[in-house]
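Student: Could we go through this structure together and check each label against the value behind it?

Tutor: Gladly; bring your questions.

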Amino acid sequence: CEHLQIDLSETIAIGDNFNDVGMLREAGLSAAVANAVPEIKEMCDYVCTADHNEGAVAEVIERFIFVWYESSGKQESFSPLWRKDSFLFLLKEREAL
């Protein structure tokens, strides 16, 4: 993050077990895969319907990154890097669901 000048609060982390706790706590958005241990699911902002073998990472990308991209009206190109303003938009959208 430091190299790319991205604040940790502007990142997404996906985990399933206790070795992921530090990463999940530091990320701006934390997600647990469906087959994560219960304590990890409890601490995360989002719990995937897919497990680690069924495309949980793709689910997070589609739900949080592509949704922002489509709603931003940008059609000419796609960049996977997103900033705090888009993250705040995602939080508001998520709360509305």
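Student: Which residues does Cys1 touch, leaving out those up to four places away in sequence?

Tutor: Cys1 touches Ile6, Leu8 and Thr11. Keep in mind that this is a predicted model. Cys1 sits in the segment before β1, and its C-alpha lies 8.6 Å from that of Thr11, 10 residues apart in sequence.

Student: Why is Cys1 called partly exposed?

Tutor: Its relative accessibility is 42%. Partly exposed is the range between under 20%, which is buried, and over 50%, which is exposed. Cys1 therefore counts as partly exposed at 42%.

Student: And what makes Cys44 buried?

Tutor: The relative accessible area of Cys44 is 10%, and the limit for buried is under 20%, so Cys44 is buried. Cys44 is in the loop between α2 (38-43) and β3. Outside the residues up to four places away in sequence, Cys44 touches Leu24, Ser30, Ala31 and Ala32. Its C-alpha is also separated by 8.9 Å from that of Gly15, 29 residues apart along the chain.

Student: Ser30, Ala31 and Ala32 are on that contact list. How do you know that both faces of β2 are covered?

Tutor: Let's begin with the general idea: in a regular strand the side chains alternate between the two faces of the sheet. In β2, Leu29 and Ala31 are on one side, Ser30 and Ala32 on the other, and all are buried. Both faces are covered for that reason, with buried meaning under 20% relative accessible area.

Student: What makes β1 and β3 the edge strands?

Tutor: The open sheet has three strands in the order β1-β2-β3, with parallel pairing. β1 (12-15) and β3 (46-47) each pair on one side only, which puts them at the edges.

Student: How do you know that β2 pairs with β3 as well as with β1?

Tutor: Pairing takes at least two bridges. Four bridges join β1 to β2, including the one between Ile14 and Ala31. Two bridges join β2 (residues 29-32) to β3, and Ala32 has Val47 as its bridge partner there. Both counts meet the limit of at least two, so β2 pairs with β1 and with β3.

Student: Why is the pair of Tyr46 and Phe64 called edge-to-face?

Tutor: This is the structure's one aromatic pair. The rings of Tyr46 and Phe64 are 5.1 Å apart centre to centre, with 85 degrees between the planes. The centres must lie within 6.5 Å, and planes over 60 degrees apart count as edge-to-face, so the label fits Tyr46 and Phe64 on both values. Since Tyr46 is in strand β3 and Phe64 in helix α3, the pair ties together parts that are 18 residues apart in sequence. Tyr46 and Phe64 are both buried.

Student: Tyr46 also touches Glu59. How do you know that Glu59 has no salt bridge?

Tutor: Glu59 is in helix α3 (residues 56-71) and is buried. The nearest side chain of opposite charge is Arg63, 6.4 Å away. A salt bridge needs the nitrogen within 4 Å of a carboxyl oxygen, so Glu59 has none. Besides Tyr46, its contacts beyond four places in sequence are Cys48, Thr49 and Ala50.

Student: What pattern does the chain follow along the sequence?

Tutor: The pattern is β-α-β-α-β-α-α, with four helices and three strands. Buried residues make up 35% of the 97 residues.

Note on methods. Residues numbered from 1 in each chain as written. Predicted model: local features only at pLDDT ≥ 70, side-chain atom pairs only at ≥ 80, totals over all residues. Heavy atoms only, no water. Buried < 20%, exposed > 50% of the residue type's maximum accessible area, 1.4 Å probe, protein only. Lys, Arg positive; Asp, Glu negative; His and termini not counted. Contact = heavy atoms within 4.5 Å. Phe/Tyr/Trp six-rings, centres within 6.5 Å; stacked < 30°, edge-to-face > 60°.
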